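Let's take a walk through this model together. Keep the 3D view open and follow along as we go.

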Amino acid sequence: MNHYDLLARNLEEIQAALKDQENLLDGLRKGGGIPVLSSCVSGSCPHRHKFKETLLDAISVLEESRKSFRSKQLEALRKKLTRVLGEIA
């Protein structure tokens, strides 16, 4: 990842955080409860590391089972999890 990509990702995280704050303020202004925020977007989110670790474990198990089972569904799942991991890495 180059410097431009890193800055673009940081900008997206900042925009998402600002949108969450806007939703929170709108919800409070309308007298409602606290709205559900979009996601953990912060690079320091405590869930992010656990999520990545869990994805890596699942991909590893699917990779190992690939030798024993020739399943198109498991292959598709492994590829999807790998894509998701690439998006959050």
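The paragraphs below go from the core to the salt bridges and then to the surface.

Please keep in mind that this is a predicted model. A good place to start is the inside. The largest nonpolar core has 6 residues in all: Leu-55, Ile-59, Leu-62, Leu-81, Leu-85 and Ile-88. Both helix 2 and helix 3 contribute to this core, each with at least two residues. Helix 2 covers residues 46-65 and helix 3 covers residues 72-88, with a loop between them that holds Phe-69.

Zoom in on Leu-62, one of the core residues. Leaving aside residues up to four places away in sequence, Leu-62 touches Leu-74, Leu-77, Arg-78 and Leu-81. The backbone oxygen of Leu-62 has a partner too: the side chain of Ser-65 reaches this oxygen at 3.0 Å. Ser-65 itself is found in helix 2. Is Ser-65 buried or exposed? With a relative accessible area of 16%, Ser-65 is buried, because the cut-off for that class is under 20%.

Now move to Val-84, which sits in helix 3. Setting aside residues up to four places away in sequence, Val-84 is in contact with Phe-51 and Leu-55. Leu-55 also belongs to the largest nonpolar core. Val-84 and Lys-52 are 32 residues apart in sequence, yet their C-alpha atoms are 9.4 Å apart in space. Val-84 is not counted as buried: its relative accessible area is 25%, so it is partly exposed.

Next come the charged pairs. Side chains of opposite charge can pair when their charged atoms come close. How many salt bridges does a search of the whole structure find? The search finds 3.

Begin with Arg-78 and Glu-63, whose side chains meet in a salt bridge at 3.6 Å, N to O. Arg-78 lies in helix 3 and Glu-63 in helix 2, so this pair ties together parts that are 15 residues apart in sequence. Arg-78 is buried, at 10% relative accessible area, whereas Glu-63 is partly exposed at 26%. Arg-78 may look familiar, as it is also among the residues that Leu-62 touches.

Another salt bridge joins Glu-75 and Lys-79, with the closest N and O atoms 3.0 Å apart. Both residues lie in helix 3, 4 residues apart, which is about one turn of the helix. Glu-75 is partly exposed at 28% relative accessible area, and Lys-79 is partly exposed at 42%.

For the remaining pair, turn to helix 1, residues 3-29. There the side chains of Glu-22 and Lys-19 meet in a salt bridge at 3.9 Å, N to O. These two residues are 3 residues apart in helix 1, so about one helical turn separates them. Glu-22 is partly exposed at 40% relative accessibility, and Lys-19 is partly exposed at 42%.

Finally, let's look at the surface. Which residues form a nonpolar patch there? Phe-69, Leu-74 and Leu-77 do, and together they have about 270 Å² of accessible area. Phe-69 is in the loop between helix 2 and helix 3, and at 53% relative accessibility it counts as exposed. Leu-74 and Leu-77 lead us back to where we began, since both are touched by Leu-62, a member of the largest nonpolar core.

Methods. Residues are numbered from 1 along each chain as its sequence is written. This is a predicted model: local features need pLDDT of at least 70, side-chain atom pairs count only at pLDDT 80 or more; totals for chains, interfaces and linings use all residues. Side-chain values use heavy atoms; hydrogens and water are left out. Patches are made of residues with over 30% relative accessible area and no salt bridge: like charges are joined within 9 Å, nonpolar side chains (Val, Leu, Ile, Met, Phe, Trp, Tyr) within 5 Å. Accessible areas come from the Shrake-Rupley method with a 1.4 Å probe; for residues, only the protein chains shown count as cover. A salt bridge is a side-chain nitrogen of Lys or Arg within 4 Å of a carboxyl oxygen of Asp or Glu. Buried means under 20% relative accessible area, exposed over 50%, partly exposed in between (1.4 Å probe, protein chains only). A polar contact is a pair of N or O atoms within 3.5 Å; within protein, one must be able to donate a hydrogen and the other to accept it, and residues adjacent in sequence count only if both atoms are side-chain atoms. Contact means heavy atoms within 4.5 Å. A nonpolar core is a set of buried Ala, Val, Leu, Ile, Met, Phe, Trp, Tyr and Cys residues joined through side-chain atoms within 4.5 Å.
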